[in-house]
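Reader: I should be grateful for a close look at one part of this protein, the nonpolar core and the helices around it. Please set it in the context of the whole chain.

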Amino acid sequence: MASLNVGNLGEYLREQRRAARLSLRQLADATGVSNPYLSQIERGLRKPSADVLQQVAKALRISAETLYVRAGILDEREREELETRAVILADPSINERQKNVLLQIYDSFRRENGFAPGPDADADVNAGAEADAVAGSDAGDDAGTRNGDDAGTRDGDDAGAGTTKDQDPHS
């Protein structure tokens, strides 16, 4: 068989497998992919599917996206964009609405810099302006809520619990 042009995927996989101190047989057992098939991939004789690469990446504890790039399945820029999106979506410190706003703003900046929006992005050209408007209104809402509630609580409810008369001199 002639060697396929799959970049240096085979060499890279061999290096990663050896670094993990796994034999081909152990990797085959961990992935459910046959030993001869893995050997052919490492020698550049076979181009694996994305599913096989994902199984191998999981067994070697490396990024599947890196393998996709090396195999020519995914462009480097696409990988970086997908990783950026994955980090935003995986962040437990922000809620779903905030994640969506961040992704809209991210897509807006990408469009502004001449890149296509992400795979899940709204293709609407005004999405960036909408994201800016949403982000701006969120900031205003937070400030208004905090200042309004705090001021109302401090100034209007100074009489304390059980008191029916509002003692605010400004009302």
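How many helices and strands make up the secondary structure of the protein? With that settled, please turn to the core itself.

Author: The model is a predicted one, and its secondary structure comprises eight helices and zero strands. Read from the N terminus, the order of elements is therefore α-α-α-α-α-α-α-α. The protein has 171 residues, of which 28% count as buried. Its accessible surface is about 11200 Å², and carbon and sulfur atoms account for 48% of that area. Of the contacts between residues at least 6 apart in sequence, 49% link residues at least 24 apart.

The core may now be considered. In soluble globular proteins, nonpolar side chains tend to be buried together. In this model the largest nonpolar core holds 19 residues, and the members that touch the most others are Leu 9, Leu 13, Leu 38, Leu 53, Val 56 and Leu 67. At least two core residues are supplied by each of helix H1 (9-19), helix H2 (24-31), helix H3 (35-42), helix H4 (50-60) and helix H5 (64-71). H4 gives the largest share, with five residues. Leu 13 illustrates how the core is joined: apart from residues up to four places away in sequence, Leu 13 touches Ile 41, Glu 42, Val 56, Leu 60 and Leu 67.

The packing of the helices comes next. Two packed helices are described by the angle between their axes and the distance between the axes. For H2 and H4, the axes come within 9 Å and cross at roughly 110°. Angles of 65 to 115 degrees count as roughly perpendicular, so H2 and H4 are roughly perpendicular to each other. H2 passes H4 in a right-handed crossing. On the H2 side the contact involves Leu 27, Ala 30 and Thr 31, which meet Gln 55, Val 56, Ala 59 and Leu 60 of H4. Val 56 is thus named both among the core members with the most contacts to other members and in this meeting of helices.

H5 also packs against helix H6 (residues 76-90): their axes come within 9 Å and cross at roughly 165°. Because angles over 145 degrees count as roughly antiparallel, H5 and H6 are described as roughly antiparallel. Their crossing is right-handed. The residues in contact are Glu 65, Thr 66 and Val 69 of H5 with Glu 76, Arg 79 and Glu 83 of H6.

Two loops beside these helices deserve a note. Most residues other than glycine have a negative phi. Arg 21, in the loop between H1 and H2, has a phi near 55°, a positive value in a residue other than glycine. Arg 61, in the loop between H4 and H5, likewise has a positive phi, about 60°, although it is not a glycine. Arg 21 has a relative accessibility of 74% and therefore counts as exposed. Arg 61 is exposed as well, with a relative accessible area of 77%.

Further along the chain, Leu 103 lies in helix H7 (residues 96-112). Leu 103 counts as buried because its relative accessibility is 11%, the cut-off being under 20%. Beyond its neighbours within four places in sequence, Leu 103 is in contact with Arg 85, Ile 88 and Leu 89. From Leu 103 to Thr 84 the C-alpha to C-alpha distance is 9.3 Å, and the two are 19 residues apart in sequence.

Conventions:
Residues are numbered from 1 along each chain as its sequence is written. This is a predicted model: local features need pLDDT of at least 70, side-chain atom pairs count only at pLDDT 80 or more; totals for chains, interfaces and linings use all residues. Side-chain values use heavy atoms; hydrogens and water are left out. Helices (H or I, at least four residues) and strands (E, at least two) are DSSP runs, numbered from the N terminus. Buried means under 20% relative accessible area, exposed over 50%, partly exposed in between (1.4 Å probe, protein chains only). Contact means heavy atoms within 4.5 Å. Accessible areas come from the Shrake-Rupley method with a 1.4 Å probe; for residues, only the protein chains shown count as cover. A nonpolar core is a set of buried Ala, Val, Leu, Ile, Met, Phe, Trp, Tyr and Cys residues joined through side-chain atoms within 4.5 Å. Axes are lines fitted to C-alpha atoms, for helices over the stretch in contact, and angles run from 0 to 180 degrees between N-to-C directions. Angles under 35 degrees count as roughly parallel, over 145 as roughly antiparallel, 65 to 115 as roughly perpendicular and the rest as oblique. A crossing is left-handed if the near helix is turned anticlockwise from the far one by less than a right angle, and right-handed if clockwise.
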